[in-house]
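Visitor: Could you walk me through how the helices pack here, and where the nonpolar residues gather?

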Amino acid sequence: MPVNLASIPYLGSGLGYREELADGIAAARDEIDFVEVLADKYISQPRLLDELREIRDLYPVIPHGVGLSIGTVGPVPPDYLAGMRRVSDVSGAPYYSDHLCMTKVPGIDLHHLAPLWRTEEVLESIIGKVDTIQQTLGKPLVLETISYLVDFDSPISEPDFFHRLTERTGCGILLDLTNVYSNSVNHLFDPLEYLQRLPLDHVVQVHLAGGFWAHGVLIDGHSHPVPEEVWELLAELCRRIDLKASILEQDANLDSLRPLLEQVWRARSIMRNPVVA
């Protein structure tokens, strides 16, 4: 089934929904445009779908998965695909997102977002799964760029992989700008050149987050304010495309909502006027 990214509405600047922030998020309806929920919580616990409906009644919701493991050999498990469909339908979202990665291999859960070995065989396998998922959901699948400490010496570069995947399936890209920046620091490449090589016309959403240094490595910790370098990448991206959605991710240091809201406002301001960012 063909998908149409152009039909996805402008969502604006939002926040990753976390239970610790639930009361504050509910009270900040004029300051947050939409929220992103962790889809696997509701896939694994369907009894909690009423909670998802309550969130949906407050905000537009985008479900974001971590368990698809689209790079794993074999088809998407039917029960997981059915769970994706349930969560997608309840959320009423215009698209569903997950990661271009592996989180498991047959019989083993890696408990980690691992990069793919980007070969022709893996590409064809993922194309088939994206087609199946989009046909099942009746909406676009949007796949995220991940951070990695070790990458494979793959015959297809990540930007070329995205070019060929999006061309064949019409799927979207969730461009995690913090991951791009972290990878560029840890693996010594130019993040702006990386952006130039991506099929930017398929970028639907971005993630923004802040990490920390550990043993000389920049870790995507979702724990600190977004660094200035990532704000600069957001501004550059928004000079090139009409970005539909940005989400601030934070999973630690959640004592106060105010610093998070300030970053949501900043992202919105850049999306509206990147020239003066």
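**Helix packing and cores**

Guide: The buried residues of H4 (78–91) pack against H2, H3, E3, strand E4 (96–99) and helix H5 (120–137), where contact means heavy atoms within 4.5 Å, and buried means under 20% relative accessible area, exposed over 50%, partly exposed in between (1.4 Å probe, protein chains only). Helices (H or I, at least four residues) and strands (E, at least two) are DSSP runs, numbered from the N terminus. This is a predicted model, in which local features need pLDDT of at least 70 and side-chain atom pairs count only at pLDDT 80 or more, while totals for chains, interfaces and linings use all residues. Residues are numbered from 1 along each chain as its sequence is written, and side-chain values use heavy atoms, with hydrogens and water left out.

Visitor: Which residues of H3 are buried?

Guide: The buried residues of H3 fall within an arc of 110 degrees seen down its axis (taken from the directions from the helix axis to the C-beta atoms), so they line one face of the helix. The face turned away from that buried side carries the exposed residues Glu54 and Asp57. In H3, residues 49–58, the buried ones are Leu49, Leu52 and Ile55.

Visitor: Which residues touch the most other members of the largest nonpolar core?

Guide: A nonpolar core is a set of buried Ala, Val, Leu, Ile, Met, Phe, Trp, Tyr and Cys residues joined through side-chain atoms within 4.5 Å. The largest has 75 residues, and those touching the most other members are Leu175, Leu177, Leu208 and Leu234.
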